[in-house]
Amino acid sequence: MSKYDELAARFGTPAYVYDLDVTARSRDQLFGLLPEGFAVYYALKANPHPEIARELRAGGCRAEISSTGELANALTAGFAPEDILYTGPGKTDGELDAAITAGVRLFSVESLTDLQHVGAAAERQDTVARCLLRVNTTQGSASTGIRMMGRPSQFGVDAETLPELMPLFKAVRGAKIVGAHFFTMSNAQDEDALLGEYEFVLQSAAQLRQETGLPLELLDIGGGFSSPYAVPGERTDYPKLRNGLEQLLDLYLPEWRSGEVELACESGRYLSGTCGTLLAGVVNVKESRGHRFVILDAGINVVGGLSGIGRLLPAAVGVEQIGDNPGQLVGPLCTPGDSLSKAAKLPELAAGDLLTVPNVGAYGVTASLISFLGRPAPTEVVVRGDEVISVSRLDYQRAYEVSP
């Protein structure tokens, strides 16, 4: 009996299993790919589970959040408030008050009005917030991955407006501009494309500093690191990245070596993606007009992968059990959209068998339609090798503010 068979027998299915040893290896690999001294922010949107966040923090990561829920998870995981970066285009006054009360002082802002809201919240608590201007450049370098700059967007200050707006940014009370935040692309599998994008970011940052007086105490160059999602595979390696980044920094921001510019990047999927495996139970196998359907107890309610916004879920989820029998993998939901793979190659299966989906440590439970049709959320089992660390399940229920 395999480890996953034993866990499925103990805790049932569907279940996510997160291996902290894999999390640690992912973290150490990313730090090893970057020049010495780089800060790494873990984007909790990928997986806010406190045990995963705690493991990343223990190895030197900071936290990047965009809600009070993620703030609570980051604090539970032990992140110090000063190691938390609060981002996002829709920060409300209530969220800002909560974050500043908790001790968060670093914010990424998307506009002048966003900065004014942050400054006003800081003033209400007699403090000053340190702020990064998120910059939306006029173009980008790479053509692969998911593009995040160079077009109209709710994210970032349009770079061409900065010469006119910089005096206004610097005059906002309660907020101090300390640097810039770029996020250019996601899931870049091509190393040359990633380096080309980082060159564009560093060149843009240096040029904006010279032309507008943009402070650069801290420069967040974004992420873009690629890792497989819901299919077998390994994290992408970038053997030229460290040396390439050092050369680019020496060219555009040579003072980085003396520590005058603090450098940072961010990642979600690369840090947490490969630590997770989904355990799915076979509920039934049926034939319909020449097609075989393998019905699982896990569907898009469990492994939706942000499919609601058309991102990340692959055309076919790849299970680890491969065979010669074609079949369609479907979930338990009452909708034909609950399809995980239309042309899987599977072994002979029957009700009660177990299938495992690898590389779902990121964009799993909290990115899925967990409340759709009222099915219970999957169990989340955290292990370190063969040791079970914790077992939990998200609980959602209706809370009445006004009783019927």
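**Figure 1. Glu-51 and Arg-54 sit about one helical turn apart in helix H3 of this predicted model.** Helix H3 covers residues 50-58, and the two side chains are 3 residues apart within this helix, which means that about one helical turn separates them. Glu-51 and Arg-54 form a salt bridge, and their closest N and O atoms are 3.1 Å apart. Arg-54 has a relative accessibility of 27%, so this residue counts as partly exposed. If you are looking for other pairs of this kind, the count for the structure comes to 16 salt bridges.

**Figure 2. A salt bridge joins Arg-124 to Asp-97.** Here the closest N and O atoms are 2.9 Å apart. The pair links distant parts of the chain: Arg-124 belongs to helix H6 (residues 112-124) and Asp-97 to helix H5 (residues 93-102), with their positions 27 residues apart in the numbering. Are these two side chains buried, or are they partly exposed? Arg-124 counts as partly exposed because its relative accessibility is 46%. Asp-97 is also partly exposed, at 25% relative accessibility.

**Figure 3. Asp-192 and Lys-240 make a salt bridge.** The closest N and O atoms of this pair are 2.8 Å apart. Asp-192 is found in helix H8, while Lys-240 is in the loop between S11 and H9; the two are 48 residues apart, and the pair links distant parts of the chain. Lys-240 has 43% relative accessibility, so this lysine counts as partly exposed.

**Figure 4. Five charged residues belong to one salt-bridge network.** Which residues take part? They are Asp-21, Arg-27, Asp-28, Glu-55 and Arg-384, joined by salt bridges that share partners.

**Figure 5. Tyr-86 and Phe-107 form a tilted aromatic pair.** A search of the whole structure finds 6 aromatic pairs. In this one, the ring centres are 5.8 Å apart and the planes meet at 35 degrees, so the pair is classed as tilted. Tyr-86 comes from strand S4 (residues 84-86) and Phe-107 from strand S5 (residues 106-109); with their positions 21 residues apart, the pair links distant parts of the chain. Both Tyr-86 and Phe-107 are buried.

**Figure 6. Tyr-198 and Phe-225 form another tilted ring pair.** Their rings are 6.5 Å apart from centre to centre, with 55 degrees between the planes. Tyr-198 lies in helix H8 (residues 191-212), and Phe-225 in the loop between strand S11 (218-220) and helix H9 (241-252); the pair therefore ties together parts that are 27 residues apart in sequence. Tyr-198 is buried, as is Phe-225. Widen the view a little to find the cluster: ring pairs link Tyr-198 and Phe-225 with Tyr-238 and Tyr-270.

**Figure 7. Glu-246 is a buried residue of helix H9.** What places Glu-246 in the buried class? Its relative accessible area is 19%, and residues count as buried when this value is under 20%, which is why Glu-246 qualifies. Which residues touch Glu-246, once its neighbours within four places in sequence are left aside? Pro-35, Trp-256 and Arg-257 are in contact with Glu-246.

**Figure 8. Leu-369, Phe-372 and Leu-373 make a nonpolar surface patch.** The patch has an area of about 250 Å². Leu-369, one of its members, is in the loop between strand S17 (354-358) and strand S18 (379-384). At 36% relative accessibility, Leu-369 counts as partly exposed.

**Figure 9. The whole protein, for orientation, has 10 helices and 19 strands.** The C-alpha atoms fill a box of roughly 70 × 55 × 40 Å along the principal axes. How does the radius of gyration fit a compact globule? For 404 residues, a compact globule would have a value near 22 Å, and the 23 Å of this protein agrees with that. Of the 404 residues, 53% count as buried. Residues 24 or more positions apart supply 71% of the contacts that have a separation of 6 or more. The protein exposes about 17,400 Å², and 49% of this area comes from carbon and sulfur atoms.

Notes: Residues are numbered from 1 along each chain as its sequence is written. This is a predicted model: local features need pLDDT of at least 70, side-chain atom pairs count only at pLDDT 80 or more; totals for chains, interfaces and linings use all residues. Side-chain values use heavy atoms; hydrogens and water are left out. Rings of Phe, Tyr and Trp (its six-membered ring) pair if their centres lie within 6.5 Å; planes under 30 degrees apart count as stacked, over 60 as edge-to-face and the rest as tilted. Helices (H or I, at least four residues) and strands (E, at least two) are DSSP runs, numbered from the N terminus. Buried means under 20% relative accessible area, exposed over 50%, partly exposed in between (1.4 Å probe, protein chains only). A salt bridge is a side-chain nitrogen of Lys or Arg within 4 Å of a carboxyl oxygen of Asp or Glu. Contact means heavy atoms within 4.5 Å. Patches are made of residues with over 30% relative accessible area and no salt bridge: like charges are joined within 9 Å, nonpolar side chains (Val, Leu, Ile, Met, Phe, Trp, Tyr) within 5 Å. Accessible areas come from the Shrake-Rupley method with a 1.4 Å probe; for residues, only the protein chains shown count as cover. The radius of gyration is taken over C-alpha atoms; the globule rule is 2.2 Å times the number of residues to the power 0.38.
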